[in-house]
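Here are my notes after going through the model, point by point. Have the structure open beside you while you read.

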Amino acid sequence: MLVYRAGIDAEIAAAVLAAIALISFALLLLRRRVLFHRGVTVACALRSDEHRPWQGAVARFDPDALRAYRFFGLTFRPYQVLARDCMVLGARRPANAGERSRLMADPVVLLVRAGERDLEMALGADALPGLLAWVEGRPVS
């Protein structure tokens, strides 16, 4: 009788795990849909210095700031907010061989200064003109 009970417990545990995985996947898809439909977005990667790993993100160009959301996550809170009025784009470089395997296709790496913070941002070459236009098109105060 104990063997039969253990089998039922294992089936219940497997069903609970499958339900949790399914719900997490659905929430991830819902989050992605909401983020991509709230304005202009682009896939990118950010890091604070060259010794840190790249963090895959979805960057949204809002009127006042660039908000970066972790690519995989369930929160709707951005992990980086770069104010548009103090954002300065620095030197560009192509991604090196080690970076290409971890980044999107045809990546360009930019130095970005936002206030007192310096970051590196990698994004596809086709998304670069949009970022440049967004930064240069900021309202003059």
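1. Before anything else, keep in mind that this is a predicted model. I started with R60, which sits in strand β2, residues 55–61. Buried or exposed? R60 counts as buried, because its relative accessible area is 7%, and the cut-off for buried is under 20%.

2. What does the side chain of R60 make a polar contact with? The partner is the side chain of D62, at 2.9 Å. This pairing also qualifies as a salt bridge, with the closest N and O atoms 2.9 Å apart. D62 is buried as well, given a relative accessible area of 12%. So here you have a charged pair with R60 at 7% and D62 at 12%.

3. Look around R60 next. Leaving out residues up to four places away in sequence, R60 touches L35, R38, V40, T41, A65, L66, R67 and Y69. R67 is worth a click, since it turns up again in the salt bridges: D64 pairs with R67, the closest N and O atoms being 3.1 Å apart. R67 counts as buried, because its relative accessibility is 18%. D64, on the other hand, is partly exposed, with a relative accessible area of 45%.

4. Put those pieces together and you get a network of salt bridges that links R60, D62, D64 and R67. How many salt bridges does a search of the whole structure find? The search comes back with six. One of them is away from this network in my list: the side chains of D118 and R113 meet at 2.8 Å, N to O. Both ends of that bridge are partly exposed, with D118 at a relative accessible area of 43% and R113 at 39% relative accessibility.

5. Now for R84, which lies in the loop between β4 (80–83) and β5 (87–94). R84 is buried yet has no salt bridge. Where is the nearest side chain of opposite charge? That would be D64, 7.7 Å away, and a salt bridge needs the atoms within 4 Å. What the side chain of R84 does reach is the backbone oxygen of W134, at 2.7 Å.

6. The contacts of R84 are worth displaying too. Not counting residues up to four places away in sequence, R84 touches D62, P63, D64 and A65, and also W134, G137, R138 and P139. D62 and D64 in that list are also members of the salt-bridge network.

7. W134 has a second role in these notes. The structure holds one aromatic pair. It is made by the rings of F61 and W134, with centres 5.2 Å apart and planes at 40 degrees, so the pair is tilted. The pair links distant parts of the chain: F61 is in strand β2 and W134 in helix α3 (residues 128–136), 73 residues apart. Both partners are buried, F61 with a relative accessible area of 13% and W134 with 9%.

8. There is also an arginine over an aromatic ring. The charged end of R70 sits over the ring of Y79, 4.2 Å from its centre.

9. A122 is found in strand β7. Its relative accessibility is 0%, so A122 counts as buried. Which residues does A122 touch, not counting those up to four places away in sequence? They are C44, A45, W54, L103, M104, V108 and V109. Across the chain, the C-alpha atoms of A122 and Q55 are separated by 9.8 Å, although the two residues are 67 apart in sequence.

10. Two more distances to check on screen. G115 lies in the loop between β6 (107–114) and β7 (117–124), and it counts as partly exposed at 29% relative accessibility. The C-alpha atoms of G115 and D85 are separated by 9.0 Å, with their positions 30 residues apart along the chain. L17 belongs to helix α1, residues 2–36, and it counts as exposed because its relative accessibility is 59%. From L17 to C44, 27 residues apart along the chain, the C-alpha separation is 32 Å.

Methods:
Residues numbered from 1 in each chain as written. Predicted model: local features only at pLDDT ≥ 70, side-chain atom pairs only at ≥ 80, totals over all residues. Heavy atoms only, no water. Helix = DSSP H or I, 4+ residues; strand = E, 2+ residues; numbered from the N terminus. Buried < 20%, exposed > 50% of the residue type's maximum accessible area, 1.4 Å probe, protein only. Polar contact = N/O pair within 3.5 Å; in protein donor to acceptor, adjacent residues only side chain to side chain. Contact = heavy atoms within 4.5 Å. Lys, Arg positive; Asp, Glu negative; His and termini not counted. Phe/Tyr/Trp six-rings, centres within 6.5 Å; stacked < 30°, edge-to-face > 60°. Lys NZ or Arg CZ within 6 Å of the ring centre and 35° of its normal.
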